[in-house]
Amino acid sequence: MNIVTNNKWIGQRTIRPDGVDKVTGRAAFAADTNMPGMIWGKVLRSPHPHARIKSIDTSKAEKLPGVKAVVTARDIVDFPLDKGAVMLGIQDMRWMCRNVMAREKALFPGHPVAAVAATTEAIAAEACKLIEVDYEVLPWAIEIDDAIKDGAPILHEWNKFDGKPSNIMGKLEQKKGDIAEGFAKAEIVIERSFTTRPVHQGYIEPHACLISVAADGKTTIWSSSQGQFMVRAMTAYLTGIPQSDIRAIPAEIGGGFGGKTIVYLEPLATLLAKKSGRPVKMVMTREEVMRATGPTSGSKSTVKIGVTRDGKIVAAHGIFYLQAGALPGSPIRGAVGCSFAPYDIPHILSQGFDVCSNRSKVAAYRAPGAPIGAYAVECVLDEVASALKMDPLEFRLKNAAKEGTKAAHGPVFPRIGFIETLDMAKSHPHYKAPLGKLQGRGVASGFWFNAGGESSAQVNITEDGNVVVTTGHPDIGGSRAGIANICAELLGIDYKRVSVIIGDTQTIGFSNLTGGSRVLFASSIVVTQSTEKIIQTLRERAAKIWEIDPEAVKWEDGAAHPVSPNAGEFPPLTLKELAEKAPAMGGPIGAGVQLNTQGADGGFGTHICDVEVDADLGIVRVIRYTAIQDVGRAIHPGYVEGQLQGGVVQGIGWALNEEYIYNKDGKVDNPGFLDYRMPVCSDMPMIDCGLVEVPNPKHPQGVKGVGEVPLVPVMAAVANAVYNALGKRFYSLPMSPPKVSAVLDAPVAQAAE
Amino acid sequence: MAKVHVSTTVNGEPMEFLCEPYETMLDALRGSLGLTGSKEGCSSGDCGACSITLDGRLVCSCLMLAAEAEGHEIRTIEGMAHGEQLHPLQQKFLEHAALQCGICTSGMLVASEALLTKNPDPTEEEVRFWLAGNLCRCTGYDKIVRAVLDAAAEMRETAP
C-alpha cells in the first residue's frame, strides 16, 4: 500500500457530502419516513424492577377497535439459557432475546413485556393499558454493593460464582509479571477506591423504525442504528426470517455513541408488521430511551500503584466492578485492558467483574469501560506524582509506553504517539497559564484499543465521468467527508465529483458496526483498494487506445498520461473521456473490495483541564480545556477535532452532573433532559485541540481511530483539576453541586468523600 | 372529539390543516404538513431540536398546540434557505464542521437565526446562553458557537 503524499484533499476541511441535506432539514432520520397504510406500535413496559411474569392476557387489548396486532415473548425466537451462547459479535442472543422482551422475568422498570400495533398511537397506548400481566414481584437490587452482598436477590438463578448463586456474571483478568514482586520493590504505594454512576449516551434522536413485511415475508426496515447489518442479523435471529429476506436501510442516525449497536424496537415492529400485514412505525419517547436503553455501567474500582522514589512505576493492581444491568455484558474488557495501557509497567494485575442488577442492560458508550478505569488510575497517578513532588506530565513521561512496550492486554506496541501527546501538553501555553483563586488545573491521559474488522466498498465511475462510492457503515460523525477526501485524492479530481453514500444490507457487502473507532480506518482501506483497481483499469484502457504497454501509463491529476516522452507523445485522457469511451472498451468501470481489515493501532490522548469552583453554589465550571491526541492522520481535521471536542464535553457531563437518580421503588426518577443534566452550550468553554499525527504504518493513509479516546481521560482530568483547586479529592462521580457544597461546607479537617 | 381546522402561514405560504385538539405543533408539522426538518428529541421543551419561530419568536414546537397556530406566522428550518441560496448560518455550519449527526442542526440554526435577528453582534457568551436551550451531544458546541459568530460577522458586513 502506498502512503499518499503531496495531498490536495487529504487534510482539507471540505464540505461534507451529506451537509446541505442536514442544514436544510431534508436529511431523513429514522422517524422521518412514512408509508401508505402505516400503523403505530407501542411497548408495554414492566413497572417493577424485578418480577416473575406468571401470565399475560392480551385478549382485551386485541378486541379494542383499531388494534391490529399484539406480540409478547411467545412470538420471539427463544435462545434457551441452558443451550449455550449464540454470539453475534459481542452480543449473546440469549440476552438479546430477553432484553427486547421479558421472558421468564421482568428485570428492570421499563423492560418490555408486550407490544401493540394500532391505527393510531393513542389507540396503541390505550391497548397497552388493557393488557393484563400477572406479576410476582420479587426483591430487587440496583447498586453494585446491594447486588453482590450476601443474600442479595439473584437475577439469574442459574448463574454461579465461586460455587454459589450470584449476580457476578463473569470475571476477566489480565496479568503481566508478578505484582507481589513489583510492590515489594515499591517505595511509595498509594491505593484508592472510586465509584462512578451509570451515564446515558444521550443521543438526541430517540430510537425509531418503520418496518414493512410483505405477504411473501420480504421485509424492509428503515431504522437508525450503528449498523444496518447488525439490525438485519439480530432481527433475523429474533424473528426467524432469513437474512436474505430482510433489507435493512440505514436512516441518517441522530447520534449513537455506542448506544445504537443493539436493537430494541426492530424485532418487535417486524413481528407486529408480520402479524398485522401493515407497515409498522415505532418511535421511543425520551422517557423510554432513558428507562430502557443504554446506559454505560456504573462502577466501583480499587487501584493500587507502587513507585520507586525516582518516579518509576513498578507495580499496578486494578479491580473494576462494572454494572451490566439486567443481563450480562458490562464493558470490563475496556476497563481492565485500557487503564494501565499508556504506561510501561513491569508488574500489572488488572481484574474486572461483570455484575448484574435490576437496571436497564448497559450498551456500549464511547470506549466502553476505558473511561471508568482511567478515572481511577489517572487520579491515583496524580496522587503518586504529588507524593513524589513530580510534575504530573513529567511523571507520565517517565513511565510512558512507547514502541516495544508490552501492554498487559497482550500486544507489543508498534510506533505510537503517546509521548508526543505528553510533550505537546507540556509545551502548550495552557499548561503554563496562571490560575486564579478557587481555580485548579488537572491532567490525565487515556488509551483505547481501536478496531479493524469487516468492511465493504463499491466504487463506480458514472457515465459522465464522476464517482459514486458506496460503503456499509452508518456515518455518525462525518466519515463520508473523510471518504470523499481520500477517493478524490487518489483519483486526482475535485472532491465535489465524488458522491459518498451508505448502502443498505442488500446492495453492499457485509460491513460490521460503526463502533470501536473503526469506520474511517476500515472503510478507507476498502475504498482505497477499490479505487486503485479502477485506476489500473483506466491505465489499461488508455494504454489500449495509445497502443502502448499499461506500465507505460500513469494516472495523475484525474487523467492518464504516458509515464515519459519515451512511452509516446499523447494528450492526457481524462476520467470523463475514459468514462465516455467505456461502453466500447470493455464496459462499465467500477470495483468493489470486501475485507476483514487488520492493523488498527490503539490511540492515546493527553488532556489539560482548568476548573473554577463556585464556593457559594458548589458548581464546578470548566473554564479551559485542551485535548491532545495521536490521531494517526487527520483526513478531515474539522471532523477529527469535532470528535475530540464532543468526547470531552460528554466526559465533563459524566464528571460533573450526569447520573440516574433512583427512587425508593427502584425506578429512575430523572428520565428526561431537564433532570438528567447533560452539558449545555453555556456550561462550556471552547475546547482546544492538539492533533499529533504519527501515521499508522499499516494503513494506506496512516489512519488511526479517533472517536473514542477523547472520552477516556476526561473525568480524571476534571477530578485532578478540582483537587488542584480545592486541595480535596472526590472519589465518586459526579462532582455535582450538592456533593461539592457538602465538602466546601464541611469543617476543614474533614476529608472529601 | 372533532378535529380542529387551522389556517396559518408556514414559511411565508398560507396553509390549512386539521389537527386533534391535543396535537402539538411539532406533530402537525411533521405529520399533516410533511415538514420533518423539525425533530423530536424529548417532547418536553428541553432539547430544542423542534425549534421554530411563531411570529418571529423562538419557541419549542413540542410545547405549542397546533391549534394555537391559527392566524399566526410559523417559520421552520425548511424556510431558511432561499431556493439554492443557503442562509449564511447554514453555509457557516458547513464550513466550520458545526454538525456531526445533524439531529440538532435544524433547531440550532432556527435558534441562531432568531438570535441574530435580535442581536446582530452577539458576544461568545451571548451566543452560548441563547443556545443553552438547544442540546447537541456530538460537537461539544465549540464549532457551533464559532459558526454562529462567523455568520454574524459576515451578515454585518453584507447588511445594507
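This report describes a predicted model with chains A and B, taking up the domains of chain A, one of its sheets, the build of chain B and the contact between the two chains.

## Domains of chain A

Chain A is divided into three assigned parts: domain 1 comprises 19-27 + 452-597, domain 2 comprises 33-138 + 205-254 + 260-292, and domain 3 comprises 299-450 + 601-745. Taken over C-alpha atoms, the centres of domain 1 and domain 2 of chain A are separated by 39 Å.

Domain 1 and domain 2 of chain A are nevertheless in contact, with 14 residues on the side of domain 1 and 16 residues on the side of domain 2. Sorted by class, the side of domain 1 of chain A that touches domain 2 of chain A is made up of six nonpolar, seven polar and one charged residues.

## A four-stranded sheet in chain A

In chain A, an open sheet is formed by four strands in the order β20-β28-β29-β30, and its pairing is mixed. Its edges are β20 (439-448) and β30 (687-692) of chain A, each of which pairs on one side only, while neighbouring strands of this sheet are turned against each other by 20° on average, direction ignored.

At one of these edges, strand β29 (residues 619-630) of chain A pairs with β30(A) in the parallel sense, over six bridges. Within this part of the sheet, Ala627(A) has Cys689(A) in β30(A) as its bridge partner.

## Build of chain B

The secondary structure of chain B consists of five helices and five strands, and from the N terminus on these elements follow the order β-β-α-β-β-β-α-α-α-α. The radius of gyration of chain B is 16 Å, close to the 15 Å that the globule rule gives for 160 residues, so chain B is as compact as a globular protein of that length.

Along its principal axes, the C-alpha trace of chain B spans about 50 × 35 × 25 Å. Of the 160 residues of chain B, 56% count as buried, and among the contacts in chain B with a separation of 6 or more, 59% are accounted for by residues 24 or more positions apart.

## Contact between chains A and B

The contact between the chains takes 42 residues from chain A and 41 residues from chain B. On the side of chain A that touches chain B, the elements giving two or more residues are α1 (19-23) and α18 (637-656) of chain A, of which α18(A) gives the most, with eight residues.

By class, this side of chain A has 20 nonpolar, 16 polar and six charged residues.

Conventions
Residues are numbered from 1 along each chain as its sequence is written. Chains are lettered from A and ligands numbered from 1 in the order in which they are written. This is a predicted model: local features need pLDDT of at least 70, side-chain atom pairs count only at pLDDT 80 or more; totals for chains, interfaces and linings use all residues. Two residues are in contact if their C-beta atoms, placed from the backbone, lie within 7 Å. Ala, Val, Leu, Ile, Met, Phe, Trp, Tyr, Cys and Pro count as nonpolar, Asp, Glu, Lys and Arg as charged, and the others, Gly among them, as polar. Two strands pair if DSSP finds at least two bridges between them. Axes are lines fitted to C-alpha atoms, for helices over the stretch in contact, and angles run from 0 to 180 degrees between N-to-C directions. Domain bounds come from an automatic or database domain assignment. The radius of gyration is taken over C-alpha atoms; the globule rule is 2.2 Å times the number of residues to the power 0.38. A residue is buried if 20 or more other C-beta atoms lie within 10 Å of its own, exposed if 12 or fewer, and partly exposed in between; C-beta atoms are placed from the backbone.
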